[in-house]
Amino acid sequence: MTGRILIIEDSMFHGKVLSDMLIENKYQVKWVRSGEEVLSESLDNYDLVLIDLILPGIDGYSLCEILKKEYPYLPIIAITSITEEESVSKALSLGADDYIKKPFSLVELLARINVQLRTRRLQLELIKKNNELKIAYDKIKKMAITDMLTGAYNRAYLREYVENLLQSSSFVDINCFLIDIDNFKKINDTYGHLIGDEILKRLVDICKRNIKDNGIIIRFGGEEFLGIIYKEADAYKIAENIRDECQKDCSFGFVWTVSIGLSKGIITSEKDIEFIIKKADDMLYEAKKSGKNKVKE
Ligand code: GH3
Ligand code: MG
Ligand code: MG
Ligand code: MG
Ligand code: MG
């Protein structure tokens, strides 16, 4: 087994013996003679630290404690010439993973180093696996709450979102709007479903750009989208800007428009949101009835 080992040892004799022996056994070694020399640099590149407990300046015990806090997965072997049991237990309780007493057997020290390196390797593998799992989990989680076609949130996210809102406050003031594309059936029939899909994507882009950090957009049904806007923001203005941008969009070579119904209310439980959405739906109906391409509140 190879590895990068840092030796902190003030004795010229022991430091030299240790580093020569480790180099001979194919380890990469750096030897410093005081704790102060390592505290200012990063130890990310080391696999193990050998610390003499009796050092000038900052002592080996404090060093064990400081290094273990900063690098919990970096193994520390304390080197001690003190025979009292307390010194060993003190070093171990402060952060050392193992110890060796001077005068030490080189064979035994090598064996102890290898045990620590073996454990460290396993730990690093576990950490890597854990990170990979976390990335996969985040990806799956994102997929579970996202509408694949448009990139808006899906309806399943609504419940979670409201739950989160209510966790930070017992009642929340919000604005909702429902957007529905006008005569979308006809657009599909005339230009094809693929163009219809592109319009859905375009609409979500326009919504996201206008909502910014003021709320979220959810694909509520086929061609219907629910916007939730925090009370501080001017929901009517956002809705009106979305409507206007849609009618002016010329990406497809024909005019397409949306109708929007707005409502607001206070939610204290998950049920309240249904009621606010129902009001927005009524307003959407009004917008459609009065000629479409309108925002109604
Ligand atoms: P109105 O102005 O009253 O809203 O009329 P409309 O034709 O838009 O309303 P309607 O509810 O009758 O039609 C909605 C259409 O949306 C029907 C359906 O085929 C279409 N649609 C739903 N989901 C999708 C989709 O993912 N892609 C495409 N291209 N069309 C979809
Ligand atoms: Mg010493
Ligand atoms: Mg519809
Ligand atoms: Mg409809
Ligand atoms: Mg429609």
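Trainee: In what order do the strands of the open sheet that contains strand 7 and strand 10 run, and what is the sense of the pairing?

Mentor: In this predicted model, five strands make up that open sheet in the order 7-8-6-9-10, and their pairing is mixed. Strand 7 (215-219) and strand 10 are the edge strands, each having a single partner strand, so one side of each is left without a neighbour in the sheet.

Trainee: How should I read the pairing of strand 6 and strand 9, and which residue of strand 9 stands opposite F177?

Mentor: The general idea is that strands of a sheet pair through backbone hydrogen bonds, in either a parallel or an antiparallel sense. Here strand 6 (residues 172-181) and strand 9 (residues 258-267) are antiparallel partners over ten bridges, and the residue opposite F177 is L262 in strand 9.

Trainee: Which strands does helix 9 lie across?

Mentor: Helix 9 (residues 235-248) lies across strand 6, strand 8 (224-230), strand 9 and strand 10, and its direction is at about 165 degrees to that of strand 9.

Trainee: What is the order of the open sheet that has parallel pairing, and which strands stand at its edges?

Mentor: That open sheet has five strands in the order 2-1-3-4-5, with parallel pairing. Strand 2 and strand 5 are at the edges, and because each has a single partner strand, one side of each is left without a neighbour in the sheet. From one strand to the next, the twist averages 20 degrees. Strand 1 (residues 4-8) pairs with strand 2 in the parallel sense over five bridges, and I8 has V32 in strand 2 as its bridge partner. Helix 1 packs on this sheet, where it touches strand 1, strand 2 and strand 3, and its direction makes about 170 degrees with that of strand 2. Helix 5, in turn, lies across strand 3, strand 4 (76-80) and strand 5, running at about 175 degrees to strand 5.

Trainee: What does UniProt list for D52, and is D52 buried or exposed?

Mentor: An annotation and a computed environment should be read separately. The unreviewed UniProt entry lists D52 for "modified residue: 4-aspartylphosphate". In the model, D52 is placed in strand 3 (residues 48-52), and it is buried because 24 other C-beta atoms lie within 10 Å. Leaving aside residues up to four places away in sequence, D52 touches I8, E9, D10, S11, G60 and I79.

Trainee: Which backbone features deserve a second look in the loops, beginning with K26 and its phi?

Mentor: K26 has a positive phi of about 75 degrees although it is not a glycine; its place is in the loop between helix 1 (12-24) and strand 2 (28-32), and K26 is exposed, with 9 other C-beta atoms within 10 Å. K292 also has a positive phi, of about 65 degrees, without being a glycine, and it is found in the loop between helix 10 (270-289) and strand 10 (295-296). With 14 C-beta neighbours inside 10 Å, K292 counts as partly exposed. A cis peptide bond joins K102 and P103, with omega at about -5 degrees, and P103 lies in the loop between strand 5 (98-101) and helix 5 (106-145).

Trainee: How many residues surround ligand 1, and which are the closest?

Mentor: Ligand 1 is surrounded by 17 residues, of which the closest are F184, K185, G196, G222 and E223. Strand 6, helix 7 (184-191) and helix 8 (193-211) each supply at least two residues of that shell, whose members divide into four nonpolar, five polar and eight charged.

Notes: Residues are numbered from 1 along each chain as its sequence is written. Chains are lettered from A and ligands numbered from 1 in the order in which they are written. This is a predicted model: local features need pLDDT of at least 70, side-chain atom pairs count only at pLDDT 80 or more; totals for chains, interfaces and linings use all residues. Helices (H or I, at least four residues) and strands (E, at least two) are DSSP runs, numbered from the N terminus. A residue is buried if 20 or more other C-beta atoms lie within 10 Å of its own, exposed if 12 or fewer, and partly exposed in between; C-beta atoms are placed from the backbone. Two strands pair if DSSP finds at least two bridges between them. Two residues are in contact if their C-beta atoms, placed from the backbone, lie within 7 Å. Axes are lines fitted to C-alpha atoms, for helices over the stretch in contact, and angles run from 0 to 180 degrees between N-to-C directions. A residue is near a molecule or strand if its C-beta atom, placed from the backbone, lies within 6 Å of it. Ala, Val, Leu, Ile, Met, Phe, Trp, Tyr, Cys and Pro count as nonpolar, Asp, Glu, Lys and Arg as charged, and the others, Gly among them, as polar. UniProt positions are given in the numbering used here, feature names are shortened, and annotations may be inferred rather than shown by experiment.
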